[in-house]
Amino acid sequence: MKLHDILSARLPEIGDSVKECVNLGEWLLFKTEALAGHPKAAFYLKTDDCIFELDDSGRLLQEVTEDADKLEIDELFYFADISRPTSLSNTRL
Amino acid sequence: MSLVGGSTKWVLFLSAQADAEPRHIVDLAYGVLCLERAGVKMADIAIYIDGGDRVSIENYIRLGTASPFVVKESKDFFLDQTTNAHENIVMFVTGHGGPDGIDAVKPITPYALLSCLKASPNLKQAVVYLGQCYAGIFNYIGAGSKTIGEGQSDANVIFMGATNLHESLSSSTTEMFLSGPLTWPANLFLLFAFKWFSSPVDVDGDGRFTIMDSYKYAGVYSNAVNKDKKAAGLAKSVDLQAKWIAAREVNQANPSPAAKLDEDAEYTRYAKVLELLYVHQECWILNAIPSQSIEV
């Protein structure tokens, strides 16, 4: 699995709150190599309950309602210019 | 006796009624990373994860190791144990839990797990770290070694829980994996238990790195992080509530899928803080005496 940092301007149609959920790791912004049946989707957004197709600007296209479990997560994305949590495993007391 | 390098099976276990959640899979990917750093050979690590998307599961695990591995399903664990050849098992359980046991197609009760371990041939001791919610239902059962006739004894089982009869807590962290930094809501008790194996600390000062040290380390650090996160969350909660209400009003005034998504995102951030504030987590250990002499 590849991990990428992108600038938030790369996906201007995604709201700031969504981007913050992505950077918290609560929601997943990803790409899949298994694009059959989803030709317009550039990215996917996995929330607590749904998976959405996004276009290349981050605009929401539609919810994935069929074969969502076949969307292999091959690349994960975070936003480089929005804060991310620090390492907890390196906590010192 | 020593676990690493000894006859030890290291089990990473994630059962689920449906598909395992990515955050729980990452808990175990971090476990693989730490165990290999501790000197455990991949051949001695057994991974059991439920879910239909086997490719994504393997992609996540590969973040923690460059070694070849196999991911089986949770039901295979119980089958594998009938032909166990190891003297020791160290098992890490993540995922969901409830009053019926560990989440699975058929929830795994404390008795089912204990019976499986006790019945495992050749097994002398088992150490089980339970990260799931309501792990305390695995406490107060007959885990100690018992005579089973003709001078034979069954396995000594040590259970440790991230939490008692409450939900367990996760907090977002960014840790360095083989492919780079990954952020996920980590099960805190397991995070620090894994960390201890990769960098053992002699907490009680007896000159040895024992399972008891791992328990005390994981307990202290998960409690400390929880306290800090609760304090920070309380300070942010009013602001997060206001943002959620504002997003909800936008969606109510001009409903759209994008506005609904923004509202859900604001609610998710607010709800995560509330979960943290309203859940009490306190770890526990059952059959503590043998854990004081089992060295890593």
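These legends go with a set of close-ups of a predicted two-chain model. Residue numbers start from 1 along each chain as its sequence is written, and chains are lettered from A, with ligands numbered from 1, in the order in which they are written. As the model is predicted, local features need pLDDT of at least 70 and side-chain atom pairs count only at pLDDT 80 or more, while totals for chains, interfaces and linings use all residues.

**View 1. The open sheet of chain A.** Six strands line up as E1-E6-E2-E3-E4-E5 in chain A, with mixed pairing. At the edges sit E1 (2-6) and E5 (60-63), each pairing on one side only. From one strand to the next, the twist averages 30°. Strands here are DSSP runs of E with at least two residues, helices are runs of H or I with at least four, and both are numbered from the N terminus; a pair of strands needs at least two DSSP bridges. For the twist, axes are lines fitted to C-alpha atoms, and angles run from 0 to 180 degrees between N-to-C directions.

**View 2. Zooming in on E2, E3, E4 and E6 of chain A.** E2(A) (residues 28-31) runs antiparallel to E3(A) (residues 43-46), with three bridges between them; look for A:Leu28, whose bridge partner is A:Lys46. E2(A) also pairs with E6(A) (residues 75-79), again antiparallel and over three bridges, and there A:Leu29 stands opposite A:Phe77. E3(A) carries on to E4(A) (residues 51-54) through four antiparallel bridges, where A:Leu45 partners A:Phe52.

**View 3. The seven-stranded sheet of chain B.** This open, mixed sheet has the order E3-E2-E1-E4-E7-E10-E13. Its edge strands are E3 (71-72) and E13 (284-286). E1(B) (residues 8-14) and E4(B) (residues 88-93) run parallel, joined by six bridges, and B:Val11 faces B:Met91 across that pair.

**View 4. The two domains of chain B.** Domain 1 covers 8-223 + 280-291 and domain 2 covers 231-278; the bounds come from an automatic or database domain assignment. Taken over C-alpha atoms, their centres are 34 Å apart.

**View 5. Where chain B meets chain A.** Chain B puts 40 residues into the contact and chain A puts in 30; contact means C-beta atoms, placed from the backbone, within 7 Å. Elements giving two or more residues on the chain B side include H1 (22-37), E11 (170-177) and H6 (211-253). H7(B) supplies the largest share of that side, 10 residues. By class, the chain B side has 18 nonpolar, 11 polar and 11 charged residues; Ala, Val, Leu, Ile, Met, Phe, Trp, Tyr, Cys and Pro count as nonpolar, Asp, Glu, Lys and Arg as charged, and the others, Gly among them, as polar.
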